[in-house]
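Grab the model and work through these exercises with me. Each one has a task and then a solution in steps.

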Amino acid sequence: MPRSPSVEAIGLIKRYKTKERKGLFKGRTIVIEALKGVSFKIYPGEVVGLLGPNGAGKTTTIKIISTLLIPDEGEAYVKGYDVVTEADMVRKNIGVMLTVEKGFYNKLTGRENLEYFAALYGLSSNIIKKRVQEVLEIVGLEELGASDRLFEEYSLGMKARLNLARALLRDPDVVLLDEPTLGLDPPSARKIRDLVKGLAHREGKTVLYTTHNMFEAEIVCDRIILINKGITVAEGTPDELKDKIMAFRTVKIMVKGEPYRYDKLKEIVGIDLEIRKENGLTTIMFKARKPEELIGDVIRVLVSNGADIVKLTVEEPTLEDVFVYYSGKG
Amino acid sequence: MGLREILWAEWVAFYKDLTRRKSLIVSFIVYPYILTLLFIIMGLAVGGLTSFGQRFHVSAITFFLTMSYLMLTLLIGADMIMQRPSSDMWAGTLPYILASPAPRVLRYLAVALPMLAPFIVQGIVCLTPVYVYYYGVEGSVLALLVVFLSVLAGLFMVPIAMVIMGLAYMVSEEGWRIINIARPLLLILLGVYYPRYLLPLVFRVATMIIPSSSLVEIIQYMLINNLTMSLASVLLGIATASFILLLPIGSKTVARWEEGLRFKGVKEY
């Protein structure tokens, strides 16, 4: 039996109206198309990363799914509920984290802030205190002794944890996180990443996660959706995405002295050949989809010309390469 | 989800915030006296305490102290509602509040109620000694009645505050500027500083749509010792009916504003 998706977006289109200002009173309304047809499906127990450059439409997508924004066209569903017509049902099934540093009342403690939102989110009064204590422990604020400190005294890492705690208050099946580690120091970012992975893999929650951090996306996300200029440009596991751009495996051969016969090398690897000379060593670099088919010929040419090979490396593409590749395509 | 949970949440949030801002507590106590002093000084400049008494059949001190207290009570809950979108935008809490399934009418009632509670104490503390001085021992009963009606009038401001807030923020993202204009107009229509029974009939009818203005009128009749049971019942009936009628309108206005935000996107500062 096919699994049904926890989150589904079908051809989401969103346009914003803004004003172009000229002088004191002149201006004209312009329309910016933030999303031009984003579609994807996310299944239970998955952490899916929504990646894209600034202005790609990541936050707009998260806001639509969290019922905070109505799309101009297209549909989105959370656990089968329409985000526009059944917004209340969607809200009962999601936890949202939109920013790291804000979103709470300064003069209340972390615990009081969570109790406030727990009540607003419909938790009954007899379980609020217990649930708040649980989420404070889950995100580690209790361990830090920060639960009863005023929000205004929190560090950025603590604020991020508190934001995540609020997203978990209702024990939702779907958690939407918009750049949850933005600006955090490495230990805090690692804590958030571990928590997010645990949510999906231990508790079976569905997590949609936006980030710019490729390293983070690679270690946290089971699947990645790349969007650029409002459209979905690629989708798959980190490995699948890298495989898609295999043309960009980089081969570096370091040789002693001058190998000559660049014309022969160019004949083999094509125009992407790059030569760097430094401290009596020459590095020959080229990118190839299947470098194993070329390396033998290249080495034969070098050796036949008396080159002494010092080092040979084949660099696998990183997720950043994938990101850069697709960012240029959108 | 019921009023109990939401009320508890707003109650705790308000009182924790209040007790951590000492200047706010001081201002709660001194505001009615400061406002009374201001109006008495202004009044002395144009006439005098006696001429006021002769015209309105009530001591200027009693009248302005009561009206200053009443003004604070009427505006405090309403202001809290009207300014809430602005403060929530700055705190970054607005998206999370919009994403909550809490019924809006219950939520705004819950926003106003904790604000009104300290005014019971403030009213008793401020009004009772002055009333006892001017009206004798019965003054204490009068003070309790005025406090009760004032707090009720404050609560009855909720739907009109929801309507003004919703409309102001629908017109502009900086709706608080419009609210700053609407607030003094509201005070005139409420009849706080200019008795409604002295207003021209047209204005008097117009003020009927503001539920609290009828309660203000009851208090003013009480002060001049000219309130009959039938008049009190009629005014109380008008106030209650307009309050009930305005609640769904307030709810719809807030819903329209929120829907507008969902089209444009919630601004985060």
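**Exercise 1: the buried side of a helix**

Take helix α11 (residues 319-327) of chain A and find its buried residues.

Solution. Step 1: the buried residues of α11 in chain A are Leu319(A), Val322(A), Phe323(A) and Tyr326(A); buried means that 20 or more other C-beta atoms, placed from the backbone, lie within 10 Å of a residue's own. Step 2: look down the axis of α11(A); these residues fall within an arc of 100 degrees, so they line one face of the helix. The arc is that of the directions from the helix axis to the C-beta atoms. Step 3: the cover over them includes α7 (214-220), β9 (223-228) and β10 (231-236) of chain A.

This is a predicted model, where local features need pLDDT of at least 70, side-chain atom pairs count only at pLDDT 80 or more, and totals for chains, interfaces and linings use all residues. Residues are numbered from 1 along each chain as its sequence is written, with chains lettered from A and ligands numbered from 1 in the order in which they are written.

**Exercise 2: two domains**

Work out how domain 1 and domain 2 of chain A meet.

Solution. Step 1: the domain assignment, automatic or from a database, gives domain 1 (44-72 + 81-240) and domain 2 (245-327). Step 2: their contact takes 10 residues from domain 1 of chain A and six residues from domain 2 of chain A, contact meaning C-beta atoms, placed from the backbone, within 7 Å. Step 3: on the domain 1 side, α7(A) brings the largest share, three residues.

Key
Buried ≥ 20, exposed ≤ 12 C-beta atoms within 10 Å, placed from the backbone. Helix = DSSP H or I, 4+ residues; strand = E, 2+ residues; numbered from the N terminus. Contact = placed C-beta atoms within 7 Å.
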